[in-house]
Amino acid sequence: MTSLADRLRDALRARGLDWPAPIEHQVRLGSTSDRLKEKAREGAPEWAAVLADEQTGGRGRQGRAWASPPGGLYLSVLLRPRFAPASLIPLAAGVAVVEALGEHGVTAELKWPNDVLAGGRKLAGILAEASSSSSGLDWVVLGLGVNLVTPPEALPEGLRATVASVLALTGGRLEPAEAAAAVLARLTVWYDALRADPPSVLRAWRARAVPWWGRRVELRSGGLVVRGVAEDVDAAGALLLTLEDGSRRTVLSGEVTAVRLEAKGTDRVGGR
Ligand code: BTN
């Protein structure tokens, strides 16, 4: 039987892409991103990728666990950006994931900093982890998890009401190799755009973002709660807020554990 890595290469070739780097597939891994970080340190080339059918220690943002039962897409890809707006990589990846899912009939939206939602439920997540040295940024390991088929009962109880799957949304199965090919193909497009025209990535991200602009949001950052009106994302991908006292605040994605619309309060109408 053809391996999943070969099926992925074939699916990429069918899209006109001869994948330029090794693709490793494992039935079970702790975390595809941890495996790829090892390879990055050993000098793996840009676009090296690792996939697993299942993760036993899948990680999400802010040290959270990422439930990874068989049937989902667990993919990590190595980037070695040599250009300035590396902070926009997670946003570019979000756009790629939404477009890839769109090819398969799923309408998804992006929630800052990098959640992929469908019908308000989490469908996919993106975890960007970077390593720098005195010469600058060495690498970014981009970890992408997409819930393709996972039935709620395979997930921890606390997540069941908040998670979506491609199968539940479309009634159809999307194979991990096909999903990975669609995501990687779109990622190459948006990574190129990041180099050539960073504002185009921001425009694409905004066009797919939940329309929270001008609305009151609540951010949790460690033990702190910050409330304000969401205005926009800036050129570095940080969230711009107007606080209750009228001052402006820029929030970096790494500072935030959770973002939601404020339960009560008056939204400012017509904000951007
Ligand atoms: C999040 O929304 O918190 C990000 C989730 C990222 C999950 C993916 S699955 C593939 C890769 N390996 C991991 O351990 N995490 C990422």
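Begin by selecting the ligand together with Arg 59 in this predicted model, where a nitrogen atom of the ligand is found 2.7 Å from a polar backbone atom of Arg 59. Keeping the ligand in view, add the side chain of Gln 55, one of whose N or O atoms is 2.9 Å from a ligand nitrogen atom, and then the side chain of Thr 32, where the corresponding separation between a ligand nitrogen atom and an N or O atom is 3.1 Å. With a surface switched on, consider that the ligand taken alone exposes 420 Å², of which the protein buries 98%.

Next, display the pocket that the ligand takes up, which is the largest pocket. Two or more residues of the surrounding shell come from each of α2 (32-41), β3 (73-79), β6 (121-133) and β7 (136-146), and among these β6 contributes the most, with 4 residues.

Now select the whole shell, which consists of 20 residues, the closest being Ser 31, Gln 55, Arg 59, Arg 61 and Lys 122. Colouring the shell by residue class separates 10 polar residues from 6 nonpolar and 4 charged ones.

For the last stop, leave the ligand and select strand β10 (residues 239-243), in which Leu 241 is found. Is Leu 241 buried or exposed? Leu 241 counts as buried because its relative accessible area is 0%, below the 20% under which a residue is called buried. Finally, add Gly 228 to the selection: although Leu 241 and Gly 228 are 13 residues apart along the chain, their C-alpha atoms are separated by 5.6 Å.

Technical notes. Residues numbered from 1 in each chain as written. Predicted model: local features only at pLDDT ≥ 70, side-chain atom pairs only at ≥ 80, totals over all residues. Heavy atoms only, no water. Near = heavy atom within 4 Å. Polar contact = N/O pair within 3.5 Å; in protein donor to acceptor, adjacent residues only side chain to side chain. Areas by Shrake-Rupley, 256 points an atom, 1.4 Å probe, with all protein chains shown as cover. 1 Å grid on protein atoms, 1.4 Å probe; cavity = no way out; pocket = protein on both sides within 12 Å on 5 of 7 lines; lining within 4 Å. Sits in = over half its atoms within 2 Å of the grid points. Nonpolar A, V, L, I, M, F, W, Y, C, P; charged D, E, K, R; others polar. Buried < 20%, exposed > 50% of the residue type's maximum accessible area, 1.4 Å probe, protein only.
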